[in-house]
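Opening my notebook on this one. I want the overall build first, then a closer look at a few spots inside.

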Amino acid sequence: MADTKILCLIEHHAMLFAYFSKHAINLCGDAGREAILAGMTAYGNERGRRMALNAKAHGDPLTTMSNQAYGEWKPDFPEQMEFGQLRTEPTLQTYIAKCAWCDAWKKHDILEYGKYYCVNVDNAVYQGFRPDFVCTPTTTSLSWGGSRCEFDWGHPLSEEENAQLARKKKELGASCMKDFNFHTAHLKHTISNALTDRLGKEGEKAVELALSDFADTFGQEYLDVLDRVSTEDIYPF
């Protein structure tokens, strides 16, 4: 099968993380758990920094509105995800009622390891976008047994800003979004580095086992295609 026809989806992204988490925790216990959480914070920060670069390139200030506009991914197909706004003032609050990452972890019976993805990723992206921003979960997340994820973004969106957000999303379309070959390659690089840096030889073993599980599940071609993604694109800062 030609690499040009290989396209990772959210399921691949979710499962690669879960395999990293599983082997780091099983090999190193609490140290593995801390390493995977640190890796996810780094990964989220990096995504946020890329979003900030895109906003600045378009001449937009780093606000909560622009943060919401410059997201880097979209669902694989309509109705795969269910999310939206709960309120816009006095602070923006949003929800996720259906999550493709959770669905993938449940499908493969690996939710107990996948759920660590959700601990800090939204806040890490937000703080990567602008370090003084804080995104606060206000419910137990879906992956940890809650009925839906809810977040408080710490700043309001006025009626005018919310209308501006809709216009900006329409204007941008998918121009700042990346496919899941890109996102899965980013995850592979950043989490691998975190595990090996923090856990040494055991971290290297966790990475090796995770990548082997990923290839066994989806096919070696889905692992090989990640090597085609430029690290200069992943880390443009």
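Before the surface entry I noted the convention: accessible areas come from the Shrake-Rupley method with a 1.4 Å probe. On that basis I get about 11,400 Å² of accessible surface for the chain, with 48% of it belonging to carbon and sulfur atoms. I keep in mind that this is a predicted model.

**Overall build.** I went through the elements and found ten helices and four strands. Read from the N terminus, they run α-α-α-β-β-α-α-α-β-β-α-α-α-α. The radius of gyration is 18 Å, close to the 18 Å from the globule rule for 237 residues, so I can call the chain as compact as a globular protein of that length. I also boxed the C-alpha atoms along the principal axes and got roughly 50 × 40 × 35 Å.

**Burial, contacts, charge.** I have 47% of the 237 residues down as buried. Taking contacts with a separation of 6 or more, I find that 75% join residues 24 or more positions apart. For charge I list 25 positive and 34 negative side chains, and the centres of the two sets are 2 Å apart.

**The core.** Which residues touch the most other members of the largest nonpolar core? I have Phe20, Trp101, Trp105, Tyr117 and Leu195, out of 70 residues in that core. Helix H8 (residues 180–218) gives the most to this core, 14 residues.

**Helix H4.** Two of those names, Trp101 and Trp105, sit in H4 (residues 100–107), where I also marked Ala100, Cys102 and Ala104 as buried. What covers the buried residues of H4? My list includes helix H1 (10–28), strand S2 (93–98), helix H5 (111–114) and H8. After H4 comes Asp109, and I noted its positive phi, near 55°.

**Trp105.** I set aside neighbours within four places in sequence and looked up what Trp105 touches. Its contacts include Ala14, Met15, Phe17 and Ala18. Further along the chain I wrote down Ile110, Leu111, Gly114, Lys115, Tyr117 and Cys118, plus Ser143.

**Ser143.** That last name sent me to the loop between strand S3 (136–137) and strand S4 (149–152), where Ser143 is found. Is Ser143 buried or exposed? Buried, I wrote, because its relative accessibility is 3% and the cut-off for buried is under 20%. Again leaving out neighbours within four places, I have Ser143 in contact with Cys102 and Trp105, and also with Leu111, Lys115 and Cys118. Cys102 and Trp105 are both among the buried residues of H4, which ties this loop entry back to the helix page.

Terms used:
Residues are numbered from 1 along each chain as its sequence is written. This is a predicted model: local features need pLDDT of at least 70, side-chain atom pairs count only at pLDDT 80 or more; totals for chains, interfaces and linings use all residues. Side-chain values use heavy atoms; hydrogens and water are left out. Helices (H or I, at least four residues) and strands (E, at least two) are DSSP runs, numbered from the N terminus. The radius of gyration is taken over C-alpha atoms; the globule rule is 2.2 Å times the number of residues to the power 0.38. Buried means under 20% relative accessible area, exposed over 50%, partly exposed in between (1.4 Å probe, protein chains only). Contact means heavy atoms within 4.5 Å. Lys and Arg count as positive and Asp and Glu as negative; His and the chain ends are not counted. The place of a charge is taken as NZ of Lys, CZ of Arg, CG of Asp or CD of Glu. A nonpolar core is a set of buried Ala, Val, Leu, Ile, Met, Phe, Trp, Tyr and Cys residues joined through side-chain atoms within 4.5 Å.
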